[in-house]
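Colleague: I am new to reading protein models. Could you walk me through this one, a feature at a time?

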Amino acid sequence: MSNSGAQPLSPWRWLGVPLVQVVVATFVFALPLRFWGFSLPEPLFALPVVFAWAVIRPSMLAPVGVMIIGVYLDLLWGSPLGLWAVCLLLPYGLVLGGRAMLAGQGRLIMWAWFCAATALALGAGYLFTMLDAQNAPDPISVGWQFLATIVLYPFADLLIDLFEDADVRFR
Amino acid sequence: MSYRDNPLGELRVPLTWTAGIVFIVVLITSVAVLLSDRREVFDTDDYGRPRTLSDKVMAPVGDALSTPGRLTGQSVDGVRGYFFAVSENRRLRADLKEMQQWRDVAIALRDTNERYRAALGLKTDPPIPMASARIVTDSRGPFANSRLANAGSEAGIKPGNPVMSENGLVGRVVGVTEGVSRVLLLTDVASRTPVMIDRTNSRAILTGDGGPNPKLEYLRGQDPVRNGDRVLTSGDGGVFPRGLPVGIAVKGLDNRWRVVLASDKAAVDFVRILLFQDFTQVANRAGLEKIEVPLPTPGASTLPPLAPVAPPPAAASATTAVKPSRPAQTGAPREQ
């Protein structure tokens, strides 16, 4: 019988590895590659990870990890420094606050929550960019990024399945 | 015993609260970072050390990672060229026939143009030196559209330099360090470019919004633009040289005038960075900011005191014309 549930969850396994995966995946999708004349989409790979971190358990390191990912996205994409950190922390806080409601929910409901978290992140990005640049971003482009991100929910589901029961204190 | 009853469950509340406090602290820190960041510093040399360092690290990594994709694309193009050589040859022959006629027209026009310039005594713009670079990363999201090019300060590139592909204007340099430059695309939500409609000479500001087709704002004049009009840089403000091709004007779905960018005709993998100096680069901004300007004294005249004028000789005053200190403005046409 496995006694892994009684052991403390190593931060490197559930925070470090996904963070590195997000960094690599985002960088690969930022390469100037074209396939049949079309460039790659630009989904928010960070959002499934941020969502899963908030669902798995409250943590002191996770918000710092979210901020690191956000600053990395700003430096890579050239957006104002701090924009994506704030845009990712807001859905993290929302999901963390609603953990009790999310417990035991089916995949479809979880996906709906993921869509809401994505909408919050992009909505915040829209608002902050509009205030900063004094110019409204194109809603269609925001919509495309929303669609490209919500299809990534299976990755969040996989991460939740892997680590949700790993720490018995937060079941 | 259920998991809820285990003694470790007591640890849940303090850790949850601590995690919540850390979350709030990190959120406040991020908001502070966001508020302290100013996108207008892109216009100066003050690009910021974090961005400079990250660009320096990301550019070679992006260059290395994009190499397989680039080589594959070149191979596919080679194979395609081999299989479509006959049709391509036919098309090129037709193009060449048309271009030969245009060449004769161009030679005649150049000759006429040179004679007009000589007759009017116009001073032409000096040729603008250029630096070539390859794009190594590309962000296409709704909130930021920028690219990293693998040439930097060692090539003489400075913030503000216009960036062109083989088809048209791509954007301008907003940050430079050794070996890498960040290019703000025309489609970026923070991009503003003074442009003109080629047909009517009407001015407008090309405003990016994160979508593929930036908007034409502040259009002046009656019926200043029509579908299919060519849009060029106006050179107003001195940021861009005049006449760089930008794209074609089209009416958008939102009933606003937009521009289909000329640079979108093909993938932007290689770019030319024009080492064009705008007014803000020519002026030493840092030096100007250090100069202490004395506060105006209330009631004092803001004009310099007039120089004492010597009384003209009585005999000569009636016949000698006063020579102006600066040449008077004439109606001579200025160079466009």
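Modeller: Happily; we will go from a whole chain down to single residues and strands, and please keep in mind that this is a predicted model.

Colleague: Let us begin with chain A. What pattern does chain A follow along the sequence?

Modeller: Reading along the sequence, you meet α-β-β-α-α-α-α-α-α-α. That makes 8 helices and 2 strands in chain A.

Colleague: How is the radius of gyration of chain A to be read?

Modeller: You set the value beside what the globule rule gives. Chain A has a radius of gyration of 16 Å, close to the 16 Å from the rule for 171 residues, so chain A is as compact as a globular protein of that length. The C-alpha trace spans about 55 × 30 × 30 Å along its principal axes, and 48% of the residues of chain A count as buried.

Colleague: Which residues of the largest nonpolar core touch the most other members?

Modeller: They are A:Ala46, A:Val50, A:Phe51 and A:Leu88, in a core of 103 residues. Helix α4 of chain A, residues 83-97, provides the largest share of this core with 11 residues. Take A:Val50 as an example: beyond its neighbours within four places in sequence, A:Val50 contacts A:Val66, A:Leu88, A:Pro91 and A:Tyr92.

Colleague: Now a helix. Why does the span of α6 in chain A agree with its number of residues?

Modeller: A helix advances by a set amount per residue, so the expected span can be compared with the model. At 1.5 Å a residue, the 27 residues of helix α6 (residues 107-133) of chain A should span 39 Å, and the end C-alpha atoms are 38 Å apart, which agrees. Several residues of α6(A) are buried, among them A:Trp113, A:Phe114 and A:Tyr126. Just after α6(A) comes A:Gln134, with a positive phi near 55°.

Colleague: Is A:Ser39 buried, exposed or partly exposed?

Modeller: Here you count C-beta atoms around the residue: 20 or more within 10 Å makes it buried, 12 or fewer exposed. A:Ser39 has 15 others within 10 Å, so A:Ser39 is partly exposed. This residue sits in strand β2 (residues 38-39) of chain A. Leaving aside neighbours within four places in sequence, A:Ser39 is in contact with A:Arg34 and B:Arg140.

Colleague: And what about B:Asp254, buried or exposed?

Modeller: B:Asp254 is exposed, because 10 other C-beta atoms lie within 10 Å. You will find B:Asp254 in the loop between β10 (245-251) and β11 (257-261) of chain B.

Colleague: That contact with B:Arg140 brings in the second chain. How many residues of chain B are in contact with chain A?

Modeller: There are 47 residues of chain B in contact with 46 residues of chain A. On the chain B side, α1(B) gives the most, with 13 residues. By kind, that side divides into 22 nonpolar, 16 polar and 9 charged residues.

Colleague: Last topic: strands. In which sense do β6 and β7 of chain B pair?

Modeller: For a pair of strands, look at the direction and at the bridges. Strands β6 (residues 192-197) and β7 (residues 203-207) of chain B pair in the antiparallel sense over 5 bridges; one of the bridges joins B:Met196 to B:Arg203. Their hairpin has 5 residues between the strands, and there B:Asn201 takes a positive phi near 65°. β6(B) also pairs in the antiparallel sense with strand β9 (residues 230-233) of chain B, over 3 bridges. In that pairing, B:Ile197 has B:Val231 as its bridge partner.

Notes. Residues are numbered from 1 along each chain as its sequence is written. Chains are lettered from A and ligands numbered from 1 in the order in which they are written. This is a predicted model: local features need pLDDT of at least 70, side-chain atom pairs count only at pLDDT 80 or more; totals for chains, interfaces and linings use all residues. A nonpolar core is a set of buried Ala, Val, Leu, Ile, Met, Phe, Trp, Tyr and Cys residues joined through C-beta atoms within 7 Å. Helices (H or I, at least four residues) and strands (E, at least two) are DSSP runs, numbered from the N terminus. Two residues are in contact if their C-beta atoms, placed from the backbone, lie within 7 Å. Ala, Val, Leu, Ile, Met, Phe, Trp, Tyr, Cys and Pro count as nonpolar, Asp, Glu, Lys and Arg as charged, and the others, Gly among them, as polar. The expected span of a helix is 1.5 Å times one less than its number of residues. Two strands pair if DSSP finds at least two bridges between them. The radius of gyration is taken over C-alpha atoms; the globule rule is 2.2 Å times the number of residues to the power 0.38.
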